[in-house]
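Visitor: I have a structure here that I have not seen before. Could you take me through it?
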Amino acid sequence: MEWLLGIGGALLLGVVTNLVYDFAKYGGSRLGSRVPAPHVRRTSLTAAARAHDVRADGLAPLVTWSAARPLKPGTLVTGYRGRVVRPHVLDGAGWADEVARQRAAGAAGRTAYVSRLTVDHGEHGAARVCEVDIAESDYAECMATTRLGREEPAATRLLREALDEGLTSFVAVAPPTMMSACVAVRDRAGRLLLLRRSLAVTTFPAQWTVGINETMKYRDEPGAAEDFYALVHRALEEELGLLPADVGPTVITWLGWSEPASCYTLVATVRSRLDAAEIDRRREACHSTFEHDMAVWVPFTRRSVSELIEGGTCPDGSRRWSYLALVAWEAWRAAQQERA
């Protein structure tokens, strides 16, 4: 017993000696820095929000990125392949006839989709590269893929069976379609932007989205080709009037397949250096203002994000929402990574 008291006394004497030394040398200014800061657990989403499976919304994740393994402009290698002619899963489902019908109805315009995607799974930090090939499609092909995938049970089944084979196999046999970017936008105060799509748009009219959506264009003019990051920047400029200097880094966290739209979907999050009022002013004067007829900024809190993920009531009292769960979840995940 005596030896325990001796050890305890020695330890106590050492602590007191160090405190006296610090006080004498630094006037007590470093005492606070020597006390371990308590670990504060970040507030998590509700159990129902955490349990939400985006597959129930028809969204199949192909690649996700985290703070430990982020996607950055320097780790994204993009190739541009022009028109890629190859067999695909909808060849036997009347796809060519549907493309012809869409063209006859006036669908036109150059679009783009992923024709090859390779993600390095090695543990070497310097080797974490995402290689993407972008191929050219047109709007008639996109609409044909969307209509068949959404309305024809045989086409839906073929696409799901291909998805079940995994990322590499699916990308190799997916039909020409489009790449859509969903961009969650927060203002300087951290509030999250919700938008209602107008009745003027051909896809998902009157539905609510978290942030903006834009489709990749295929361009082969020198310096005009779009990768994932350029697509996000163009979306911000055309739909909100935001330039790269107006926002912080683009954080891309999710790439997958959307069954409702039969296309690839990319999810990114940005935080603007501007307040909501200035962003609204720019949005009302920008190129694509006709695409939305209502904008609402909501607090970026556990409660509001959880309600979005759980499919709560939209600001107009409806429940007409599109991708709210996925994009709200990814925006929250990106913010947590930011604080990590």
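Guide: What follows is a short talk about the chain as a whole, one strand residue, one helix and some salt bridges.

Guide: This is a predicted model, in which local features need pLDDT of at least 70 and side-chain atom pairs count only at pLDDT 80 or more, while totals for chains, interfaces and linings use all residues. Residues are numbered from 1 along each chain as its sequence is written, and side-chain values use heavy atoms, with hydrogens and water left out.

Visitor: Okay, how many helices and strands are there in the chain?
Guide: The chain has ten helices and eleven strands, where helices (H or I, at least four residues) and strands (E, at least two) are DSSP runs numbered from the N terminus.

Visitor: And what share of the residues is buried?
Guide: Of the 340 residues in the chain, 47% are buried; buried means under 20% relative accessible area, exposed over 50%, and partly exposed in between, with a 1.4 Å probe and protein chains only.

Visitor: Let's pick one residue: is T265 buried or exposed?
Guide: T265, which lies in strand β10 (residues 263-271), is buried, since its relative accessible area is 0%. Leaving aside residues up to four places away in sequence, T265 touches several others, including M179, W254 and Y323, a contact being heavy atoms within 4.5 Å.

Visitor: Switching to helix α8, which of its residues are buried?
Guide: In α8 (residues 276-285) the buried ones are A276, I279, D280 and R283.

Visitor: Why are they on the same side of α8?
Guide: They cover an arc of only 100° around the axis, which puts them on the same side of α8; the arc is that of the directions from the helix axis to the C-beta atoms. In general, an α-helix has 3.6 residues a turn, so residues three or four places apart point the same way.

Visitor: What's on the other side of α8, and what covers the buried residues?
Guide: A277, R281 and A285 are exposed on the other side of α8, whereas the cover over its buried residues includes β6 (192-197), α7 (228-240) and β11 (292-298).

Visitor: New topic: how many salt bridges does the structure hold?
Guide: There are 27 salt bridges in the structure, each a side-chain nitrogen of Lys or Arg within 4 Å of a carboxyl oxygen of Asp or Glu. One of them joins R116 and D133, with the closest N and O atoms 3.0 Å apart. This pair links distant parts of the chain, R116 being in strand β3 and D133 in strand β4 (residues 130-138), 17 residues apart.

Visitor: Is D133 buried or exposed?
Guide: D133 is buried, at a relative accessible area of 8%, while R116 counts as partly exposed at 33% relative accessibility.
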